Amino acid sequence: MAHQHGSAAGGRGGGSMEIVPYSFSSGRDLELELPPFDVKRQDSLYRDATMPAHAAHHGQESWVRTLRLAFQCVGILYADLGTSPLYVYANTFKDGVHHEDDVLGVLSIIIYSFILFTMIKIVFVALYANDDGDGGTFALYSLISRYAKVCLIPNQQAEDELVSRYKHRGKPSATLRRAQWMKNLLETSKAAKISLFFLTILATALAISDSMLTPPISVLAAVNGLKLRAPHLTTDATVWITVAILVVFFSVQRFGTDKIGYTFAPVVFVWLLLISGIGIYNTVKYDISTLKAFNAKYIIDYFRRNKKKGWVSLGEILLCFTGTEALFADLGYFSIRSIQLSFSFGLLPSVFFTYIGQAAYLRKHMDRPEIIPNVFFESIPTSLFWPTFILALITSVIGSQAMVSCAFATMSHLQALNCFPRVKILHTSRRYSGQLYSPEVNIFLCIAACIVTISFRTTGFIAKAHEICVVLVMVITTLLMTIVMLLVWKVNIWWIAIFFVVFMSTESIYTAAVLYKFTHGPYVPVAMSAVLMFIMIVWHYVHVKRYKYELEHTVSRDEAKDLLERRDLKRVPGLGLFYTELVQGIPPIFPHLIEKIPTIHSVIVFITVKNLPIAHVDVTERFLFRQVEPKEFMVFRCVARYGYRDTLETAGDFVKILVEYLQYYVRDLNLYGVGGDEPLKIIFHSARVDSFSWERKPSGHAVYAEEMLTPAQSFSELTMHPVSMSSRLAHFQTGKMNLEEMLKIEEDQKIIQREVDNGVVYIIGESEVVAKPHSNLFKKIIVNYVYSFLRKNSRNGEKMLSIPRGQLLKVGITYEI
């Protein structure tokens, strides 16, 4: 079929006008003229951006809710950080302790790394770079995209920036010029856009890879403690015990983070109390002088004494803050204040006491290298071994929860960015919208974690693989945070410079230490991340190409009119919802449908479900409508906008909301669409105001309505209730409006409702994408085989939209890109 270039018909705007002062006249007729006022238009196309967000921000919750979330934080976020003492010293000193001050040097590095990277950078800086309460690398990218047009898909609309949550209010200052420079760089440089996108998907791929490694290393480290009481236990036995525990762990994920958090929190809380108590006991019993490690000079002495070996050991030392990246990414599950509260008064003192106590034990027993592989359990008093072991085993399982929750949130973000094949995303809590679960992702992580455990068998090799994920995500977070400081926060350049120099320099040292041992384990997550990134890039590349193709071949206004006025075109009862990814114009698949089946429904709405780079879009700001000419054919364009944390309603609920706001639009289009510059004069015939008419007076401007009829109300009902009407009169637009035109609006609304009652049919375009015949071999492989395979093995559109099969109509077409 032939495709023509052009754009769809758009809606009409309006001006402004004033209404003359009111006055009363004698006789039966009552003349009322309304005073001047400035009322904002309620049209969904031009919603005011100053309205407050409807939901409370995460930083404004009550203390009761904060304490509740802080309690949940313990169960979800801190088990990974709280179980790191199981294996940090064991991996750092695997060759033995050669100098007693080496223990102090490593302990000092642990203390200051934890303070620098976890407490300062993440908990007290990065958490404030959230996207309306949502955290993580994707949230940083989303926040940046609200201040600069960095999206590679050309689906931006001017109306998007009018959404109340879309843009924060920036503070004008001397740094505005620098922010404008950064904005121009990101918007005008394709290399900058691609680099930013690449960093984002690299960090998300690493986070998912980390979710495959955290459960094996945490659980395996705990199970290995059994060897102290059961020396005959073989490595194979510990591996299979670990696998069994992992299977049980992933099988309970479907119950949701909310329930898991309340279940796990008491266990982790007891664990943190126990290990901190044991740490204090060991410090006092073995070597109270270990507290000297708070003196940073021991770090310098450590590197001077060990040189290259000390630098290489940084890879193992950074294991002390594994789980930090999940702490930021899982912010959407909790809140800033709850995390800061539970971190400062719960996690931080507990892990510090634990590391200090183990260091004191090591300094006392440095002549016994055989204790190092299980130094954590060796340092436990004999009477507390079994309670500690059981709690360690349970907490290590719980420790995996933060990264698994992070993987679910990350996959939700990727879906919103159109960077991954469609998978099912479920919201597991009615109270907290950020708590998610994906069955497909959960199964994938379970299989991957079991394979990693069986393949590597020891914590040492998994630890080395784990390191690269942690350090690269740290570096990417620093880069994106720097852009946020320049573009969004607009802070003083010296603060930005200090932040960037301090964190980038220290993280680069850690990165170099990890990469030095690349062939000893870090290549595994890099390879897994490369596979995930390949999938993301292929999916996004084809999606962008397909979108641009459809955009270039949209049905022109004249062609749309000719199609709708064809004599052989039949109209059947019902509402047809035609789903398309285009936000501009009518897609080329529509004339293809009419060519094959010259029949359309009495009311047609072209639906585009679009994700904005914000966490939530209020339902009052969700829909943008346009009417396609000629009007009598009742054909509309609609963009339904969602945030990446919003839940897509079921098909039935979606239709109810859509029809309600379509009724609003039909009413407002007639009210606001009429021209004329004269103000409104309303004359009531009789004191009871049984009827009314609309007249004009010279001069004036258009006025917009703040409150109009709801979709359920008709103009007939208004005339029957004159008292309630009189309270609304001040909100009506001027124009040449008479009873006949009001009845026309009512009739259009009734037509829409009648066709909805006749039945709703969901029409989905199944567009197959192939490479052009003259394309190179690589592009043909990517598009014709790789993308096709991914598409066939992902969820279909009707499943993602929960469309009933009995109301579904698919239309197939092939695009050559």
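1. Let's start with how helix 20 and helix 27 sit against each other in this predicted model. Their axes come within 10 Å and cross at roughly 105°. That angle falls in the 65 to 115 degree range, so helix 20 and helix 27 count as roughly perpendicular to each other. If you want to find them, helix 20 covers residues 523-552 and helix 27 covers residues 777-792.

2. Which residues make that crossing? From helix 20 you have Phe-534, Ile-535, Val-538, Trp-539, Tyr-541, Val-542 and Arg-546. Across from them, helix 27 brings in Lys-779, Ile-782, Val-783, Val-786, Tyr-787, Leu-790 and Arg-791. Sorted by type, the contact has 11 nonpolar residues, three charged ones and no polar ones.

3. Ser-113 is another spot to click on. This serine lies in helix 4, which runs over residues 100-123. Buried or exposed? Ser-113 has 5% relative accessibility, and the cut-off for buried is under 20%, so Ser-113 counts as buried.

4. What does Ser-113 touch? Setting aside neighbours within four places in sequence, Ser-113 is in contact with Thr-118, Phe-321 and Tyr-510. With Tyr-510 there is also a polar contact of 2.5 Å, side chain to side chain.

5. Now for the whole chain. There are 817 residues, and 58% of them count as buried. The chain has 28 helices and 11 strands. Looking at contacts with a separation of 6 or more, 84% are between residues 24 or more positions apart.

6. Last, the surface. The accessible area of the chain is about 33200 Å², and carbon and sulfur atoms account for 61% of that area.

Key
Residues numbered from 1 in each chain as written. Predicted model: local features only at pLDDT ≥ 70, side-chain atom pairs only at ≥ 80, totals over all residues. Heavy atoms only, no water. Helix = DSSP H or I, 4+ residues; strand = E, 2+ residues; numbered from the N terminus. Buried < 20%, exposed > 50% of the residue type's maximum accessible area, 1.4 Å probe, protein only. Contact = heavy atoms within 4.5 Å. Areas by Shrake-Rupley, 256 points an atom, 1.4 Å probe, with all protein chains shown as cover. Axes fitted to C-alpha atoms, helices over the stretch in contact; angles between N-to-C directions. Parallel < 35°, antiparallel > 145°, perpendicular 65-115°, else oblique. Nonpolar A, V, L, I, M, F, W, Y, C, P; charged D, E, K, R; others polar. Polar contact = N/O pair within 3.5 Å; in protein donor to acceptor, adjacent residues only side chain to side chain.
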